[in-house]
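Me: I would like to learn how to read a few local features of a protein model, beginning with how open a residue is to its surroundings. Could we take them one at a time?

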Amino acid sequence: MKFSEEFETRFAEMVTHYPTKRSALVPTLLYAQDETGYLSDEVIAEIASRLDLTELDVRNVISYYSMLTTKPRGKFNVQVCTNISCMVRGAEDIFDHCKKKLGIGHKGTTPDELFSLEEVECIGACSWAPAAQVNFDFHENLTPEKMDQVLDEYKKKGTQ
Ligand code: FES
């Protein structure tokens, strides 16, 4: 398994920041996922070996964090928060709207691999609920109309 030089430089520096190798697991997984799109069996085995962990240790951590995935996702991963603050401000409608517009359900990916959709727990944007995150960008105070604009913008970006 070969990562980019950039990954190797980051990894070499990162493991020096923590008292144990295990502590570098989450950032290592994030960097690896950024590079490969998802955490394949091969990536998991490589990271487990580098950090002196079992593959099960690594999989347990991956299953805890919604931003980590072992399955390929679309180019734009739409995460709609339906936790309490967002829920009372219409998050269910936003999520239903996304499902209808994209034609996929929770954890689904559009056939053109442009979008994936997920219902997630709090993303830390409660003051601006309802909120969604697309890759690393936050979108707040959403309405179905505003969500349409957001998705249309990404579609335009993805097909240029
Ligand atoms: S509850 Fe939705 S961002 Fe916190």
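Reply: This is a predicted model. For exposure, the general idea is that a residue is called buried under 20% relative accessible area, exposed over 50%, and partly exposed in between.

Me: Is Asp52 buried or exposed?

Reply: Asp52 has a relative accessible area of 60%, so Asp52 counts as exposed. Asp52 lies in the loop between α3 (41-50) and α4 (55-64).

Me: What should I look for in the backbone of such a residue?

Reply: Most residues other than glycine have a negative phi, and most peptide bonds are trans. Asp52, although not a glycine, has a positive phi, near 55 degrees. Asn135, also not a glycine, has a positive phi of about 50 degrees, and belongs to the loop between β4 and β5 (137-139). With 33% relative accessibility, Asn135 is classed as partly exposed.

Me: Which residues does the cis peptide bond join?

Reply: The cis bond links Ala129 to Pro130, with omega at about -5 degrees, and Pro130 sits in the loop between β3 and β4 (132-134).

Me: Which residues form the negative surface patch?

Reply: In general, a residue can enter a patch if its relative accessible area is over 30% and it makes no salt bridge. Here the negative patch consists of Glu92, Asp93, Glu119 and Glu121. Among them, Glu119 is part of strand β3 (residues 115-120), and its relative accessible area of 31% makes Glu119 partly exposed.

How values were computed: Residues are numbered from 1 along each chain as its sequence is written. This is a predicted model: local features need pLDDT of at least 70, side-chain atom pairs count only at pLDDT 80 or more; totals for chains, interfaces and linings use all residues. Side-chain values use heavy atoms; hydrogens and water are left out. Patches are made of residues with over 30% relative accessible area and no salt bridge: like charges are joined within 9 Å, nonpolar side chains (Val, Leu, Ile, Met, Phe, Trp, Tyr) within 5 Å. Accessible areas come from the Shrake-Rupley method with a 1.4 Å probe; for residues, only the protein chains shown count as cover. A salt bridge is a side-chain nitrogen of Lys or Arg within 4 Å of a carboxyl oxygen of Asp or Glu. Lys and Arg count as positive and Asp and Glu as negative; His and the chain ends are not counted. The place of a charge is taken as NZ of Lys, CZ of Arg, CG of Asp or CD of Glu. Helices (H or I, at least four residues) and strands (E, at least two) are DSSP runs, numbered from the N terminus. Buried means under 20% relative accessible area, exposed over 50%, partly exposed in between (1.4 Å probe, protein chains only).
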